[in-house]
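I set out to read this structure for the first time and to keep a short record of each point looked up.

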Amino acid sequence: MQKTRPLIVISSRTGNTMILGHAIADALPGALLVKPSELPDDLTPFNPVLLGYWRDLEEAPADMRAIAPRFEGKTIGCFATMGSDVNDPDSQAWMKRTAEGLVAAGKNNTLAQTFICRGRIDPAQFEKMTKLMGGVVSPERAEKRRESETHPDRLDLAKGAEIFRSVFGVNF
């Protein structure tokens with residue numbers, strides 16, 4: 001039986017998801033961490049595969065969607081960062097939907113686990129969305145942005161690392 005090692009693929013716009021990915025990689029000895037553009041040609045030595053990404057409106061980012069069909073017969077975990085309340089049912093539904101879509105894009109893959117946490121909001125994206133919303137920032141939206149400024153924090157990183165270590169640790 002061929003020994004495999006974890007592969008962690010991260011699409012990160014502001015660095016939030018990359019920070020989380022490094023914490024998860026530290027919890028999985030021997031893991032290879034790459035960007036989608038650096039994905040190895042031969043994926044047979046890798047299992048499980050963890051896909052880390054940010055919330056790009058209602059989708060996973062395009063670079064992550066582009067590589068997802070390359071995975072076949074993998075056990076996959078997905079993690080994400082986003083600027084709003086991750087405990088909101090819409091956020092949980094988005095995480096589930098995007099993870100299931102990425103896993104299904106390949107063949108015979110299994111979704112094993114997901115994790116989502118807050119991340120700082122990209123200032124350019126915030127301004128773009130503000131213009132689309134008429135140029136006014138509501139007090140609620142300003143509060144969500146303020147609450148996201150300190151994330152991912154140490155607790156987010158520890159929780160993400162522990163979740164995936166417990167699923168894909170040494171006994172995987």
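The entries below record what I looked up in this predicted model.

**Entry 1: the annotated span.** I began with the record. The unreviewed UniProt entry carries the annotation "domain: Flavodoxin-like" for residues 7-164. I then looked up this span in the model: residues 7-164 are 42% helix and 21% strand, and the C-alpha atoms at the two ends lie 12 Å apart.

**Entry 2: Ser 11.** I located Ser 11 in the loop that runs between β1 (5-10) and α1 (16-27). Is Ser 11 buried or exposed? I noted a relative accessible area of 3% for Ser 11; because buried means under 20%, Ser 11 counts as buried. With which side chain does the side chain of Ser 11 make a polar contact? I found the partner to be Asp 63, at 2.7 Å. Beyond four places in sequence, I listed the residues that Ser 11 touches, among them Thr 17, Pro 36, Tyr 53, Trp 54 and Met 64.

**Entry 3: the nonpolar cores.** I turned next to the largest nonpolar core, which has 25 residues. The members that touch the most other members are Leu 7, Val 9, Leu 39, Leu 51, Tyr 53, Phe 71 and Met 95. Two or more residues come from each of β1, β3 (46-54), α2 (62-67), β4 (75-82) and α3 (89-105). Which element gives the most to this core? I recorded α3, with five residues. I followed Val 9 further: setting aside neighbours within four places in sequence, its contacts include Val 34, Leu 39, Leu 51, Ile 67 and Phe 71. I also noted a second, separate core of 16 residues, with Ile 8, Met 18, Ile 24 and Leu 50 among them.

**Entry 4: the aromatic rings.** I counted three aromatic pairs. In one of them, the ring centres of Phe 164 and Phe 168 are 6.2 Å apart and the planes lie at 5°, so the pair is stacked. Phe 164 and Phe 168 are four residues apart in helix α6 (residues 154-168), and therefore about one helical turn separates them. I found Phe 164 buried, at 0% relative accessible area, and Phe 168 buried as well, at 3%. Phe 79 joins Phe 164 and Phe 168 in one aromatic cluster.

**Entry 5: charges over a ring.** I closed with Phe 126. The charged end of Arg 141 sits over the ring of Phe 126, 4.1 Å from its centre. The charged end of Arg 145 also sits over the ring of Phe 126, at 4.0 Å from its centre.

How values were computed:
Residues numbered from 1 in each chain as written. Predicted model: local features only at pLDDT ≥ 70, side-chain atom pairs only at ≥ 80, totals over all residues. Heavy atoms only, no water. Buried < 20%, exposed > 50% of the residue type's maximum accessible area, 1.4 Å probe, protein only. Polar contact = N/O pair within 3.5 Å; in protein donor to acceptor, adjacent residues only side chain to side chain. Contact = heavy atoms within 4.5 Å. UniProt positions renumbered as here; feature names shortened; annotations may be inferred. Core = buried A, V, L, I, M, F, W, Y, C linked by side-chain atoms within 4.5 Å. Phe/Tyr/Trp six-rings, centres within 6.5 Å; stacked < 30°, edge-to-face > 60°. Lys NZ or Arg CZ within 6 Å of the ring centre and 35° of its normal.
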